[in-house]
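Hello,

Here is the structure I promised to pass on to you. Have a look at it first, and then read my notes underneath.

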Amino acid sequence: MLSDSVVEGPLANRFRELWDEIAPVGRDAGSGGYLRYALTKPELELRSWFRSQADRRGLPVTEDGNGNLFAHWGDPEAGDAVLTGSHFDSVPHGGAYDGPLGIVSAFLAVDELRAAGVTPGRPLVLAAFVEEEGARFGVPCLGSRLLTGALPAERAAGLRDAAGVSFAEALGDQPAGARPDLLGRFGAFVELHVEQGRALDETDAPVGVASAIWPHGRWRFDVVGEGNHAGTTRMADRRDPMLTYAFTVLAANKEARLRGAHATVGRVAVEPNVTNAIPSKVTGWLDARAADPETLTGLVDAVRGKLAERARRDGTAVTVTEESTTPLVAFDGGLAGRLATLLTAPVLPTGAGHDAGVLAAHLPTAMLFVRNPTGVSHSPAEAATDVDCAAGVRALARVLEELTCR
């Protein structure tokens, strides 16, 4: 049994040793951020590292045919297993902790349990999910969506990255799609993640428990105008899609603020993308999030309306495509309360999506957050101290012991 009174120093040192093994992989020397896109060389190197860590601990590794990896402590065929883990992939120039912290912590939690002489009464499975961020193929939580059947395998196979490579080509096979046989072996899922905000820092708590994930989604808007010469086309004669795009960004910001929601346009593509030409087409992507589905729907509808109105004034044509949506995810209240009591930890919601949000529709699911003193995520400024990470490992180990042994 794990002791309640533990000095985190030695565990912090062990965390740092393991963390340093992956810290250089995919790091950009210029920004200090990470370029770990799904199924590219850096992420493949980390997947190999996952296998070596599992092998070092005698944990057999299986794949689900969708790119997700699973390391098993106990019979892989047995049911009622407790699943834990996260993902390796990053957003462009993202932070170090978003995703990999949950995987490194899972391996160290196994070490903690074994050092304490704990033998799980239920199988324990460590996971590395593929393409959680959606930075390469455009759909977040792609691996968990495939596993659960939330995304058809045929659609996933045809998703393409910026270079035109399909997901099936990158995977080396057609994705298997829904795996009810595998999903049915899991009795609970706990994902540890760095906090993507400053709630824990403000309450001086190293670890927290998630209550819910805000509903959120991604919408692409294609604005088509008339390409023309920047120097010879009168302002009155222009059909400039950039004007429509710029107005939409400002409108999204305003509508989100009015509703207490979040709206972000962080990606844009311009054709022909030259300085002395009026664009012929501008494509932007809206990321919208809110505390409840009604607010999210109201926000997106308002942005659509503003976009259509401005397009009429600019003489441009607009198409809006919903690329992905995730409903409100309220984590298992009984499980969250049980873990909060066990850890004496605060309970807080999050506006960020996770594989846990996808799996929550199929099995009891909880999330643990580790304090991020900067409050910044998806950026090189994302941070966590080794001592807090050790506290996270300790908390995860206690949770896994609670779920597999009691």
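**What I found**

Helix H9, residues 241-259, lies across four strands: E7 (216-224), E9, E11 and E12. Against E9 the helix runs at about 170°. Before you go further, please keep in mind that this is a predicted model.

**The sheet under H9**

The four strands that H9 lies across form an open sheet, in the order E9-E11-E7-E12, with antiparallel pairing. Strands E9 (262-271) and E12 (317-326) stand at the edges with a single partner strand each, so one side of each has no neighbour in the sheet. On average, and ignoring direction, neighbouring strands here are turned by 15° against each other.

If you want to trace the pairing by eye, E11 is a good place to begin. Nine bridges join E9 to E11 (residues 281-289), and the two run antiparallel. You can check the register with two pairs: Glu-271 has Lys-281 of E11 as its bridge partner, and Val-265 is bridged to Leu-286 of E11. E7 is also joined to E11 by nine bridges, again antiparallel. In that pairing, Phe-221 stands opposite Gly-284 of E11. How much of E11 is buried? Eight of its nine residues are, so to speak, under cover.

**Strand E4 and its partners**

Next, go to strand E4, residues 124-129. Six of its six residues are buried, so the rest of the structure largely encloses this strand. In a regular strand, side chains alternate between the two faces of the sheet. In E4, Leu-124, Leu-126 and Ala-128 point one way, while Val-125, Ala-127 and Phe-129 point the other way, and all are buried.

E4 pairs with E2 and E3, in opposite senses: E2 (residues 69-73) is joined to E4 by five bridges and runs antiparallel, whereas E3 (residues 81-87) is joined to E4 by six bridges and runs parallel. His-72 stands opposite Val-125 of E4, and the bridge partner of Val-82 in E4 is Leu-124.

The loop between E2 and E3 holds Asp-75. With a relative accessible area of 46%, Asp-75 is partly exposed. Its C-alpha atom is separated by 9.3 Å from that of Arg-122, although the two residues are 47 apart along the chain.

**The nonpolar cores**

The largest nonpolar core has 61 residues, and the members that touch the most others are Phe-50, Tyr-97, Leu-101, Phe-107, Leu-126 and Leu-368. Helix H13 (residues 386-405) gives the most to this core, with 10 residues. Leu-126 is one of the E4 residues described above.

Which residues does Phe-50 touch? Leaving out residues up to four places away in sequence, its contacts are Val-61, Leu-69, Phe-70, Ala-71, Phe-88, Ile-103, Phe-107, Leu-126, Ala-127 and Ala-128. A second core, separate from the largest one, has 23 residues, among them Ala-81, Leu-147, Leu-182 and Ile-213.

**An exposed loop residue**

For a contrast with the cores, look at Gly-172, in the loop between helix H6 (167-171) and helix H7 (180-183). Is Gly-172 buried or exposed? Its relative accessible area is 63%, and exposed means over 50%, so Gly-172 counts as exposed. Gly-172 and Pro-215 are 43 residues apart in sequence, and their C-alpha atoms are 33 Å apart in space.

**The protein as a whole**

Stepping back, the protein has 13 helices and 15 strands. Its C-alpha atoms fill a box of roughly 80 × 45 × 40 Å along the principal axes. For 406 residues, a compact globule would have a radius of gyration near 22 Å, and the protein has 23 Å, which agrees.

Of the 406 residues, 54% count as buried. Among contacts with a separation of 6 or more, 77% are between residues 24 or more positions apart. The protein exposes about 16,500 Å², of which carbon and sulfur atoms supply 52%.

Happy to go through any of this with you at the screen.

Best wishes

Note on methods: Residues numbered from 1 in each chain as written. Predicted model: local features only at pLDDT ≥ 70, side-chain atom pairs only at ≥ 80, totals over all residues. Heavy atoms only, no water. Pairing = 2+ DSSP bridges. Axes fitted to C-alpha atoms, helices over the stretch in contact; angles between N-to-C directions. Contact = heavy atoms within 4.5 Å. Core = buried A, V, L, I, M, F, W, Y, C linked by side-chain atoms within 4.5 Å. Buried < 20%, exposed > 50% of the residue type's maximum accessible area, 1.4 Å probe, protein only. Rg over C-alpha atoms; globule rule 2.2 N^0.38 Å. Areas by Shrake-Rupley, 256 points an atom, 1.4 Å probe, with all protein chains shown as cover.
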